[in-house]
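These are my notebook entries on what I looked up in this structure, taken one topic at a time.

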Amino acid sequence: QDQQTDFSDDVFGLSGSVGSLYKVSDDQTVYLNLASGFRAPDMGERFQDAIVNFGEPHAVIGKKDLDPERSWSAELGSKLETRPVRYEMATFVNKVQDYIGEEDLGRIRGFSTEQYNNMGDVTFYGAEAAATWTIVDQLDLYGNAGRTWTTEEEKADVPAWIFNYGLRYTQPLNTEMLRTAYASVYLRTALESEQKTVNPGRQAFPDNNAFTTVNA
């Protein structure tokens, strides 16, 4: 309930999933998961009224009577747990009904303005994989990668491929204070992405250049 505008709303929805698992061997499994999720609009999407500066100052306003989102998803994947190699991989598809995005309203009160709104149905699909290789005892080389695509590039931004990878050494201590000590080098690489949604800030900076971060 919003006492400023005398607006009130009650929303109710259920979320749940069902899955099946097939053991190819003692070490490898294949799984299928089907799910449906409910998400009510948050307070910012309903009532926000702010000036933000991303490329140029522009206004972002909420819409109080937004419809909730409903998603339907399916995921098919496989996992292997052995030594020295462990991996998991999956593909997925996710359809979101009444997707909440930002709609360009043009210039209002001197500012380029966008408003949260229900954008219709948006479908996302993608793939992800991860693997770990134990080179020697306590020394692991690991990495994962993922990518999401969408059928509605004008409604939802998705990044290009993202890779996380590194080297980790673990030393058991088994003392009263510390059980384990570890050292790692962790890298993250994001490939160049293009944002295609209609948005004042994104029009000023439509491209995200590829980059890599390194942590030790």
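Before looking up any residue, I fixed the terms for exposure: buried means under 20% relative accessible area, exposed means over 50%, and partly exposed is what lies in between. I also noted that this is a predicted model.

**Entry 1: a residue in the nonpolar patch**

I began with Leu141, which lies in strand E10. Is Leu141 buried, partly exposed or exposed? Its relative accessible area is 38%, and because this value falls between 20% and 50%, I entered Leu141 as partly exposed. I then looked up the surface around this residue and found that Leu141 belongs to a nonpolar patch, together with Val85, Trp133, Ile135, Val136, Leu167, Val185 and Val214. The accessible area of these residues together comes to about 640 Å². I also asked which element gives the most to the patch, and the answer is E9, with 3 residues.

**Entry 2: the largest pocket**

Next I looked up the largest pocket, for which I wrote down a volume of about 250 Å³. How many residues line this pocket, and which of them lie nearest its centre? The lining is made of 18 residues, and those nearest the centre are Ala127, Glu128, Ala129, Ala145 and Gly146. Strands E6 (85-97), E9 (122-136) and E10 (139-150) each supply at least two residues of the lining, and the largest share, 5 residues, comes from E10. Sorted by class, the lining has 11 nonpolar, 3 polar and 4 charged residues.

**Entry 3: salt bridges**

I then went through the salt bridges, of which the count comes to 6, and I wrote up three of the pairs in detail.

In the pair I took up at the start, the side chains of Glu45 and Arg39 meet with an N to O distance of 3.1 Å. I wanted to know whether each partner is buried or partly exposed. Glu45 has a relative accessible area of 9%, and because this is under 20%, I entered Glu45 as buried. Arg39, at 31% relative accessibility, counts as partly exposed.

For the next pair, I found the side chains of Lys95 and Asp121 in a salt bridge at 3.8 Å, N to O. This pair links distant parts of the chain, since Lys95 is in strand E6 and Asp121 is in the loop between strand E8 (111-118) and E9, 26 residues apart. I noted a relative accessibility of 35% for Lys95, which counts as partly exposed, and a relative accessible area of 35% for Asp121, which is likewise partly exposed.

The remaining pair in this entry is Glu153 with Lys196, whose side chains meet at 3.0 Å, N to O. Glu153 lies in the loop between E10 and strand E11 (162-172), whereas Lys196 lies in the loop between strand E13 (193-194) and helix H2 (200-204), so this salt bridge ties together parts that are 43 residues apart in sequence. Both partners count as partly exposed, with Glu153 at 41% relative accessibility and Lys196 at 32%. I closed the entry with a network, in which salt bridges that share partners join Arg39, Glu45 and Glu69.

**Entry 4: backbone geometry**

Most residues other than glycine have a negative phi, and most peptide bonds are trans. With that in mind, I looked up the departures. A cis peptide bond joins Arg83 and Pro84, with omega at about 10 degrees, and I placed Pro84 in the loop between strand E5 (69-81) and E6.

Asp98 is not a glycine, yet it has a positive phi of about 55 degrees. I found Asp98 in the loop between E6 and strand E7 (100-108), where at 31% relative accessibility it counts as partly exposed. Gln138, also not a glycine, has a positive phi of about 75 degrees. The place of Gln138 is in the loop between E9 and E10, and at 35% relative accessibility this residue counts as partly exposed.

**Entry 5: a distance across the chain**

Lastly I looked up Asp207, which is found in strand E14 (residues 207-208) and is partly exposed, with a relative accessible area of 40%. How far apart are the C-alpha atoms of Asp207 and Phe111? They are separated by 23 Å, and the two residues are 96 residues apart along the chain.

Methods. Residues numbered from 1 in each chain as written. Predicted model: local features only at pLDDT ≥ 70, side-chain atom pairs only at ≥ 80, totals over all residues. Heavy atoms only, no water. 1 Å grid on protein atoms, 1.4 Å probe; cavity = no way out; pocket = protein on both sides within 12 Å on 5 of 7 lines; lining within 4 Å. Points joined across faces, edges and corners; volume = space filled by probe spheres on them. Helix = DSSP H or I, 4+ residues; strand = E, 2+ residues; numbered from the N terminus. Nonpolar A, V, L, I, M, F, W, Y, C, P; charged D, E, K, R; others polar. Patch = residues over 30% accessible without salt bridge, like charges linked within 9 Å, V, L, I, M, F, W, Y side chains within 5 Å. Areas by Shrake-Rupley, 256 points an atom, 1.4 Å probe, with all protein chains shown as cover. Salt bridge = Lys/Arg side-chain N within 4 Å of Asp/Glu carboxyl O. Buried < 20%, exposed > 50% of the residue type's maximum accessible area, 1.4 Å probe, protein only.
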